[in-house]
Protein chains: 2
Amino acid sequence: MMGRKEIQETEMLSAEVEQDMANLFQALSNPTRIKILYLLKQQSLTVTEISDRLDVSQSAVSHQLRELKLARLVRNQKQGREMIYRLDDDHVHQIFHMAIEHVKEIYNYE
Amino acid sequence: MMGRKEIQETEMLSAEVEQDMANLFQALSNPTRIKILYLLKQQSLTVTEISDRLDVSQSAVSHQLRELKLARLVRNQKQGREMIYRLDDDHVHQIFHMAIEHVKEIYNYE
DNA sequence: TCAACATATGAACAATTCATCATATATTAA
DNA sequence: TTAATATATGATGAATTGTTCATATGTTGA
């Protein structure tokens, strides 16, 4: 009798793409950063505004924004002594949307 | 002179949804797990098959599959002494697809 | 029944992550 | 120029992560 299935050529991602994807998801894998992104999904904000709304220290917000920027999930723009942050592009919205759908499907909230 | 913008009501995610999303992305945030998911995107496989193709120890693969299953990214099905793993649902394909698009846009490969 | 095989899991340890604290840099207003 | 404000960042330490090793559990074939 034959095996479970025929042998199939296996396509692989390059190590580089794998690592870049892992880094992207890593940047998304923290509740504080999720909160920040969800705020910025609604409107662009300064560091202080984010810090106030989330009740997270200025330093912590700044550190997290740095990570988000590295992963190109947010962009920033200096205005006087403030730094205004916004979501980087439409992919971020879409990934976020898919993720919400996924967790809603898995966990039956409320 | 008025401020940068009008005050706007801020919508928030529940702490539960935030944490669940963070967990989902956390499960996706590791190169080995990315590799595994990319294999399973192409065909369902047993633990040993995954281990052989990725040249990662049986134990490591098993541990990682456990995490992926917890995040409901993969399903499994026992067949004799083997355990066959596959992607859980279509969301996984879509999140994966968005992520690849995102990194391709950011990093100009090749 | 027993040996071989497939998978799962607990312990341990190195590496990474994240918040906090202190402080640096830059901009504005007085 | 100086004080106040906005942001960034390095060091530190507690918590988490991911691999390896050893071993347990479960299944099959001889």
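## Two matching chains and a DNA strand

Turn chain A by 180 degrees, with 0.0 Å of shift along the rotation axis, and it superposes on chain B with an RMSD of 0.0 Å (a least-squares fit on the C-alpha atoms of residues with pLDDT of at least 70 in both copies). That is the relation of a two-fold axis. Keep in mind that this is a predicted model, where local features need pLDDT of at least 70, side-chain atom pairs count only at pLDDT 80 or more, and totals for chains, interfaces and linings use all residues. Residues are numbered from 1 along each chain as its sequence is written, while chains are lettered from A and ligands numbered from 1 in the order in which they are written.

**Where the copies meet**

- In chain A, Phe25(A) has the C-alpha nearest the axis, 2.6 Å from it.
- Both copies use the same surface: 100% of the contact residues of chain A recur in chain B (contact means C-beta atoms, placed from the backbone, within 7 Å).

**Chain A as a whole**

- Chain A has 5 helices and 3 strands, in the order α-α-β-α-α-β-β-α along the sequence (these are DSSP runs numbered from the N terminus: helices are H or I with at least four residues, strands are E with at least two).
- Chain A is more spread out than a compact globule, because its radius of gyration is 19 Å, well over the 13 Å that the globule rule gives for 110 residues (the radius is taken over C-alpha atoms, and the rule is 2.2 Å times the number of residues to the power 0.38).
- The C-alpha trace of chain A spans about 75 × 40 × 25 Å along its principal axes.

**The sheet in chain B**

- Here 3 strands make an open, antiparallel sheet in the order E1-E3-E2 (strands pair if DSSP finds at least two bridges between them).
- E1 (45-46) and E2 (74-79) of chain B are at the edges with a single partner strand each, so one side of each has no neighbour in the sheet.
- E1(B) pairs with E3 (residues 82-87) of chain B over 2 bridges, and Leu45(B) has Tyr85(B) as its bridge partner in E3(B).

**Around DNA strand D**

- DNA strand D is surrounded by 24 residues, and the closest are Thr46(A), Thr48(A), Ser59(A), Asn30(B) and Gly80(B) (near means a C-beta atom, placed from the backbone, within 6 Å).
- H4(A) gives the largest share of this surface, 6 residues.

How values were computed. Two residues are in contact if their C-beta atoms, placed from the backbone, lie within 7 Å.
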